[in-house]
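Please take me through this structure step by step in the viewer, telling me what to select at each stop and what can be found there.

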Amino acid sequence: MTFRGRGCSSLLWQHMAAKVSTAYFPADHPTLVTIRRVAVIGAGTMGSGIAQVCAQTGWETRLFDAFPESLERGMKNIGEFWDRGISKGKTTPEQKEEWSANLIATSEMAEAANDADIVIEAVPERMELKRVIFEELESIAPPDAVLATNTSGLSISEIASHTSCPERIIGMHFFNPVPLMQLLEIVRHEAVDESTVSTAKEVGEAMGKTTILIKDVPGFATSRLGVVLGNEAIRMLAEGVASASDIDTAMRLGYRHPLGPLELSDLVGLDVRRDILNSLAEAFDDDWYRPHALLEKLVDSGNLGKKTGSGIYNWTSSGKEEKV
């Protein structure tokens with residue numbers, strides 16, 4: 001089943017939408033590599049955001065998800081993001097029409113990847129799931145296609161080791177919300193080919209991103225730093241050092257962080273943060289990285305952050321509210 005993007009509720013950060021400017025839309029950015037078609041595997045918050053920026057860059061973009069409701073929601077999120085840009089005068093209806101024409105949704109992974117120049121996987125952070133997907137991609141994507149994973153901390157080497165083409169597998173770690181966040185963390189493993197690294201870097205730059213090159217180590221650079229800061233902030237909250245909003249304000253104003261560590265944890269997803277911390281603890285054989293008991297409690301009770309309406313904060317359509 002295939003359908004193209006049309007007028008499409010967004011899980012992307014609504015409070016940041018007011019900051020959107022044409023600088024975030026890279027359609028006129030010169031493309032250094034020959035990219036005609038991109039496949040994005042997974043239509044969640046990250047996958048739909050990646051697909052959106054690829055479509056805006058001018059590439060035919062095929063967005064795949066195995067679950068029809070997730071695929072429909074992802075397409076809807078993209079359309080609503082563009083609609084908000086139009087309502088704020090940051091985007092034109094003509095731009096939306098052009099970008100929508102580049103975007104195709106499909107429920108068949110082979111249809112998405114069979115003639116793609118680059119495939120970007122953005123499924124949940126479960127190693128076994130990623131292994132299965134990359135084993136399949138190896139057989140259905142063109143033999144010269146770059147195969148990228150958007151993992152925020154899983155081993156690229158381990159993913160690549162389950163294929164016979166590790167030289168064309170690379171990490172491309174985008175940040176949420178993808179259309180607004182400038183950074184792209186490119187993660188190289190020992191078996192990757194230099195041409196794959198160059199292509200990933202040029203693709204990121206064509207998307208309007210600033211790229212950094214990171215060695216394939218647990219947590220890479222950003223996740224390792226981010227989750228440790230977030231975990232310590234949760235520890236301080238549990239110890240009654242300060243309220244959640246005051247801890248966040250301390251980092252925003254004292255260290256010029258755009259978001260405090262607690263609100264950022266809610267936006268990323270507390271379950272995601274917990275899983276990365278556990279992965280770091282196991283990789284380094286150091287329980288210092290283990291998630292704080294409060295984080296475990298929130299995740300176990302289903303309070304995962306903004307996506308569930310409750311986490312460290314309560315979240316409504318008008319923003320976040322401190323818990324009493």
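**Stop one: helix α9**

The model is a predicted one. Begin by selecting residues 244-255, which form helix α9: with twelve residues at 1.5 Å a residue the helix should span 16 Å, and the C-alpha atoms at its ends are indeed 16 Å apart, so the expected and the modelled values agree. Within this selection, colour Ala244, Ile247, Asp248 and Met251, which are the buried residues of α9. If you then look down the axis of α9, these buried residues fall within an arc of 95 degrees, and therefore they line one face of the helix. Turn to the other side of α9 and you will find Leu253 and Gly254, both of them exposed.

To see what covers the buried residues of α9, add residues 222-238 and 261-268 to the view, since the cover includes α8 (222-238) and α10 (261-268). Before leaving the helix, step just past α9 to Arg256, whose phi is positive, at about 60 degrees.

**Stop two: from α9 to α10**

Now show the side chains of Arg252 and Glu263, which meet in a salt bridge with an N to O distance of 2.8 Å. Arg252 belongs to helix α9 and Glu263 to helix α10, so this pair ties together parts that are eleven residues apart in sequence. The two partners can also be compared by their accessibility: Arg252, at 27%, counts as partly exposed, whereas Glu263, at 6%, counts as buried.

**Stop three: other salt bridges**

A search of the whole structure finds 21 salt bridges, and a few of them are worth selecting in turn. Go to Glu121 and Lys130, whose side chains meet in a salt bridge at 2.4 Å, N to O. Which side of the burial cut-off do these two residues fall on, buried or exposed? Glu121 has a relative accessibility of 0% and so counts as buried, and Lys130, with a relative accessible area of 1%, is buried as well.

Next, select Arg290 and Asp287, which form a salt bridge whose closest N and O atoms are 3.2 Å apart. Here Arg290 counts as partly exposed at 31% relative accessibility, while Asp287, with a relative accessible area of 58%, is exposed. Finally, display Arg37, Glu60, Arg62 and Asp115 together, because salt bridges link these residues in a network.

**Stop four: aromatic rings**

The structure holds four aromatic pairs. Select Phe284 and Tyr289, whose ring centres lie 5.3 Å apart and whose planes stand at 25 degrees, so that the pair is stacked. Phe284, at 32% relative accessibility, counts as partly exposed, and Tyr289, at 11%, counts as buried. Adding Trp288 to the selection shows a cluster, in which ring pairs link Phe284, Trp288 and Tyr289.

Move on to Tyr313 and Trp315, where the ring centres are 6.3 Å apart and the planes are at 75 degrees, so this pair is edge-to-face. Both residues can be checked for burial: Tyr313 is buried with a relative accessible area of 1%, and Trp315 is buried with one of 11%. Keep Tyr313 in view and add Lys320 as the last selection of the tour, for Lys320 lies over the face of the Tyr313 ring, at 5.4 Å from the ring centre.

Technical notes
Residues numbered from 1 in each chain as written. Predicted model: local features only at pLDDT ≥ 70, side-chain atom pairs only at ≥ 80, totals over all residues. Heavy atoms only, no water. Helix = DSSP H or I, 4+ residues; strand = E, 2+ residues; numbered from the N terminus. Expected span 1.5 Å × (residues − 1). Buried < 20%, exposed > 50% of the residue type's maximum accessible area, 1.4 Å probe, protein only. Arc of directions from axis to C-beta. Contact = heavy atoms within 4.5 Å. Phe/Tyr/Trp six-rings, centres within 6.5 Å; stacked < 30°, edge-to-face > 60°. Lys NZ or Arg CZ within 6 Å of the ring centre and 35° of its normal. Salt bridge = Lys/Arg side-chain N within 4 Å of Asp/Glu carboxyl O.
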